[in-house]
Amino acid sequence: LTPNWSTIKVNVMLEALRAKFSAHEGPRSMLLASGTAVLVEAAPHDFVWGGGHNGSGTNMLGRLLMRV
């Protein structure tokens, strides 16, 4: 990994998600259908990208998906 990964990983993921949902109609439609719902990556052992156990994670993936 690049030495500055911790500072760029969120922007890298956001760009990857934008590329994915721009290129694929099915997932894009599903994401748009979520409307204004709060999206949570239900990963109990991932405290960065997921919601973690009991919602104690940052849910960064869910937060980024809501920005896409």
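These exercises work through a predicted model, each with a stepwise solution.

**Exercise 1. The overall frame**

Task: Describe the secondary structure, the extent and the burial of the protein.

Solution:
- Step 1. Count the elements. The protein has three helices and zero strands.
- Step 2. Put them in order. From the N terminus on, they run α-α-α.
- Step 3. Take the extent. Along the principal axes, the C-alpha atoms fill a box of roughly 35 × 30 × 15 Å.
- Step 4. Assess burial. The protein has 68 residues, and 25% of them are buried.
- Step 5. Look at contact range. Take the contacts with a separation of 6 or more: 38% of them join residues 24 or more positions apart.

**Exercise 2. Helix 1 against helix 3**

Task: Classify the packing of helix 1 and helix 3, then give the residues that meet.

Solution:
- Step 1. Locate the helices. Helix 1 covers residues 5-23, and helix 3 covers residues 60-67.
- Step 2. Read the geometry. The two pack at an angle of about 50°, and their axes are 10 Å apart.
- Step 3. Classify the angle. Angles under 35 degrees count as roughly parallel, and 65 to 115 as roughly perpendicular. Helix 1 is therefore oblique to helix 3.
- Step 4. Assign the hand. The crossing of helix 1 and helix 3 is right-handed.
- Step 5. List the contacts. Helix 1 supplies V10, M13, L14, L17 and F21. Helix 3 supplies M60, L61, L64, L65 and R67.
- Step 6. Sort them by class. The contact of helix 1 with helix 3 has nine nonpolar residues, one charged residue and no polar residues.

**Exercise 3. The buried side of helix 3**

Task: Which residues of helix 3 are buried, and what do they pack against?

Solution:
- Step 1. Pick out the buried residues. In helix 3 they are M60, L61, G62, L64 and L65.
- Step 2. Find their partners. The buried residues of helix 3 pack against helix 1 and helix 2.

**Exercise 4. N59 in the loop**

Task: Is N59 buried or exposed, and what surrounds N59?

Solution:
- Step 1. Place the residue. N59 lies in the loop between helix 2 (25-33) and helix 3.
- Step 2. Apply the cut-off. Buried means under 20% relative accessible area. N59 has 9% relative accessibility, so N59 counts as buried.
- Step 3. Check the backbone. N59 has a positive phi, near 55°, and is not a glycine.
- Step 4. List the neighbours. Beyond residues up to four places away in sequence, N59 touches L39, V40, E41, V48, W49, G50 and G51.
- Step 5. Find a polar partner. A polar atom of the N59 side chain lies 2.9 Å from the backbone oxygen of L39.

**Exercise 5. S56 and N54**

Task: Are S56 and N54 buried or exposed, and what marks the setting of each?

Solution:
- Step 1. Place both. S56 sits in the loop between helix 2 and helix 3. N54 lies in the loop between helix 2 and helix 3.
- Step 2. Test S56. The exposed class starts over 50%. S56 has 51% relative accessibility, so S56 counts as exposed.
- Step 3. Test N54. Its relative accessible area is 70%, so N54 is exposed.
- Step 4. Find the contacts of S56. Leaving aside neighbours within four places in sequence, S56 is in contact with F47 and G51.
- Step 5. Add the polar pair. The backbone oxygen of H53 lies 2.7 Å from a polar atom of the S56 side chain.
- Step 6. Compare sequence with space. S56 and P44 are twelve residues apart in sequence, and their C-alpha atoms are 8.9 Å apart.
- Step 7. Check phi of N54. The value is positive, about 60°, although N54 is not a glycine.

Terms used: Residues are numbered from 1 along each chain as its sequence is written. This is a predicted model: local features need pLDDT of at least 70, side-chain atom pairs count only at pLDDT 80 or more; totals for chains, interfaces and linings use all residues. Side-chain values use heavy atoms; hydrogens and water are left out. Axes are lines fitted to C-alpha atoms, for helices over the stretch in contact, and angles run from 0 to 180 degrees between N-to-C directions. Helices (H or I, at least four residues) and strands (E, at least two) are DSSP runs, numbered from the N terminus. Angles under 35 degrees count as roughly parallel, over 145 as roughly antiparallel, 65 to 115 as roughly perpendicular and the rest as oblique. A crossing is left-handed if the near helix is turned anticlockwise from the far one by less than a right angle, and right-handed if clockwise. Contact means heavy atoms within 4.5 Å. Ala, Val, Leu, Ile, Met, Phe, Trp, Tyr, Cys and Pro count as nonpolar, Asp, Glu, Lys and Arg as charged, and the others, Gly among them, as polar. Buried means under 20% relative accessible area, exposed over 50%, partly exposed in between (1.4 Å probe, protein chains only). A polar contact is a pair of N or O atoms within 3.5 Å; within protein, one must be able to donate a hydrogen and the other to accept it, and residues adjacent in sequence count only if both atoms are side-chain atoms.
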